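These are my notebook entries on a structure I was asked to look through. I record what I looked up, entry by entry.

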Amino acid sequence: MDFVALLAIQILYAIASLALISIGLAIIFGMMRVINLAHGEFLMLGGYAAIVATSHGISIWIAMLVVAPVVVGIIGIIVERTIIRFLYGRIIDTMLATWGLSLFLVGLTTAVFGNTTVGISAPLGSFEIGAYRASAYTLFVIAVAIVVLAGVFSVLRWTRLGLIARGTMQNANMAAALGVKPPRVYAVTFGIGAALSGLAGGVLAPVSGVFPTIGVAYVAKSFITVIGGGAAIVSGTASASALFGTVNQIATFATTPVFGEVALLAAAIVLIRLLPQGISGRFFRRGI
Amino acid sequence: MNARARNLAGLVLVAIIGLAVLFLTPRLADLDTVLELTVYMVMAILALSLALVWGYGGILCFGQSAFFGLGAYTYAIAMFNMGESTLPFLLAIALPAAFAALLGYFIFYGRISDVYLGVITLTVTLILFNSVNSTAGPEFHIGVAKLGGFNGIPGIPSLNFPGDKNATIDLEGMFYLSTAILLATYFGLRLLLASRFGRIIVGIRENERRAELLGYDPRAYKLATFTIGAALAGLAGCLFANWGSFVSPTIFGLAQSAQIIIWVIVGGRGTLIGPIIGCIGIQWLSAFLGANQSTGSGSPWAALLSNAPLVLGAILIAFVLLVPKGLVPTLGDWGQALLRPRVRERIADAAPMPVGEE
């Protein structure tokens, strides 16, 4: 029984971390059809922002939940203005340019921070489930993921900003004819997507530590989660994370973490073969 | 000069330069340089494989390094088990091709394209990397060959003349072999692309639906292109395993995949000579920057410039934004504009490939 509870928490955690690392990419892909291959580096920069802020005496909570998203959000807007905006509609070229950006950022952070892992210890200690101990920080990550998904859903569903964003997403020309400026919507959306990636990077930094090439570990997983989820931002990310997180964690328990990853990737290939439009393209056509 | 004459002149020029490099280098350069050039030639074969698949077939494969790595590992494992290189050499080409045929069947007959194709090829590469990386223990072996996990496989025996396992090919021989294979690949691909098959795959790249309505099955043609590309990548992998007599899982890595794509985009999609130039140029640049680092001149700018990912990333961004067609086609356009200053040719649409939206 205790073991089942522990397994359930681990599965929830795997789902939550997948959803967290993917939501920023999902927003950017869902809105603008831009595959941002520098996404992993946005997460990495979020981690560094949190760690540097903490080492300057800022409370770890503010560093993770405020500093990391703000810093990476600003970086995101700069990237959109200097690179991405020239490439809208050229999906392959955006992929290549953001891949270049990803290499560039890895090189830059290696030059600045060195090629070593830095970390901060996870706050909150641990709790007991029967004979097992689990980190309370796990529950915090799950809570953050829920809050972020609910927040993105509410903003898109019930606010004016969300209405404008959804309108631009459906038909940019029509939105422009009604007085919306699509370039501004795109810049803001890209910034928000980047900020959420920064948040995820900050929140996960105590778990994984941060090093310049950590983005590679993130980008493939979030990439397949977003593609597996399809165009609907929240329901797609949530359903794909639930599927892949469960597969990953159960395979990890049954074998080793490495084969957990392999099972996740194999599940993704099968899913894309069966549902090329992603889960939300099949089941939540009108969802957000 | 009309198009046909220009084409012929280009071919002759490449043949002359190629033969000159093949025969003169070992006579004029020292062994270090020859060794360095050998790996450039091997990588240029890899660049050609993606030039075919992406530049002509329109299939953006993020996993070309998977076939490259598979070729290298196949050669290494077969070589340890057999000791005579003819069969391992052929296996290193056949196995990646078979794997690509299987994967390609899955992709193309499922009508997966664009971004999704990118995801699947990327994912397969990561699966291979993760799996091979985790085989460090002694329990992972195929025949007598230990897989070695993240440590890789050292001491791979080199190729020998077919049939005689004591007549191994020395370092200079490897240069001749690699360069000759590169030239053969280049001219072979030119021939392939000039054939009916080549015309059809370019037609499919330009407009898949139209080609299909004309009665060609794009699935079969894409699958064939993908498989040929994988066979070439496997061949390059085999030569690479020979060159360093070492393979490790990093050759499956994302960085390796990124490099191949950078070579092709810098040199130019839709040409064969472009990716070769891009490949050799970028590798030379990387080696040059790396060499600068080791001497360590101390200034922060030198340190920044010796940072290979930083420089490669900046190059990739700059090319996508400023020279999206790549060096060779852009220079070709300029050359034409110079030759005919009065005639202003409108160059149709900088976007190289249709996005394929319904």
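**Entry 1: one residue at the chain contact**

The model is predicted, and I began with I317(B). Which residues does I317(B) contact, leaving aside its neighbours within four places in sequence? I found I83(A), A97(A), G100(A), L101(A) and F104(A). I then looked up where I317(B) sits, and it belongs to helix α13 of chain B. I counted 22 C-beta neighbours inside 10 Å for I317(B), so this residue is classed as buried. I also took a distance within chain B: the C-alpha atoms of I317(B) and A98(B) are 34 Å apart, with the two positions 219 residues apart along the chain.

**Entry 2: the helix pair across the chains**

I next examined how α13(B) packs on helix α4 of chain A, residues 91-113. The angle is about 155° and the axes lie 7 Å apart. An angle over 145 degrees counts as roughly antiparallel, and α4(A) is therefore roughly antiparallel to α13(B). I noted the crossing of α4(A) past α13(B) as left-handed. By class, the contact of α4(A) with α13(B) comprises 17 nonpolar, four polar and one charged residues.

**Entry 3: the side of chain B that touches chain A**

I widened the search to the whole contact between the chains. How many residues of chain B are in contact with chain A? There are 37 of them, and they meet 37 residues of chain A. I listed the helices of chain B that each supply at least two residues to this side: α5 (114-133), α10 (254-267), α12 (300-305) and α13 (308-322). The largest contribution comes from α5(B), with twelve residues. I sorted the side of chain B that touches chain A by class and obtained 28 nonpolar, eight polar and one charged residues.

**Entry 4: chain B overall**

I looked up the secondary structure of chain B and recorded 14 helices and four strands. The chain has 358 residues, of which 44% count as buried. Among the contacts in chain B with a separation of 6 or more, 74% join residues 24 or more positions apart.

**Entry 5: a helix pair within chain A**

I turned to helix α6 (residues 160-170) and helix α8 (residues 182-208) of chain A, which pack at an angle of about 110° with their axes 10 Å apart. I therefore entered α6(A) and α8(A) as roughly perpendicular to each other. Their crossing is left-handed. Which residues make the contact? On α6(A) I found I164(A), A165(A) and T168(A), and on α8(A) I found P182(A), V185(A) and T189(A). By class, this contact of α6(A) with α8(A) has four nonpolar and two polar residues, and no charged ones.

**Entry 6: I164(A)**

I followed up I164(A), which lies in helix α6 of chain A. Is I164(A) buried or exposed? It has 20 C-beta neighbours inside 10 Å, so I164(A) counts as buried. Beyond its neighbours within four places in sequence, I164(A) contacts V180(A) and V185(A). I also recorded 9.6 Å between the C-alpha atoms of I164(A) and K181(A), which are 17 residues apart along the chain.

**Entry 7: helix α10 of chain A**

Lastly I checked the span of helix α10 of chain A, residues 233-254. This helix of 22 residues reaches 31 Å from its first C-alpha to its last, close to the 32 Å expected at 1.5 Å a residue. I found α10(A) mostly covered, with 16 of its 22 residues buried.

Conventions
Residues numbered from 1 in each chain as written. Chains lettered and ligands numbered in written order. Predicted model: local features only at pLDDT ≥ 70, side-chain atom pairs only at ≥ 80, totals over all residues. Contact = placed C-beta atoms within 7 Å. Nonpolar A, V, L, I, M, F, W, Y, C, P; charged D, E, K, R; others polar. Axes fitted to C-alpha atoms, helices over the stretch in contact; angles between N-to-C directions. Parallel < 35°, antiparallel > 145°, perpendicular 65-115°, else oblique. Left-handed = near helix turned anticlockwise from the far one by under 90°. Buried ≥ 20, exposed ≤ 12 C-beta atoms within 10 Å, placed from the backbone. Expected span 1.5 Å × (residues − 1).
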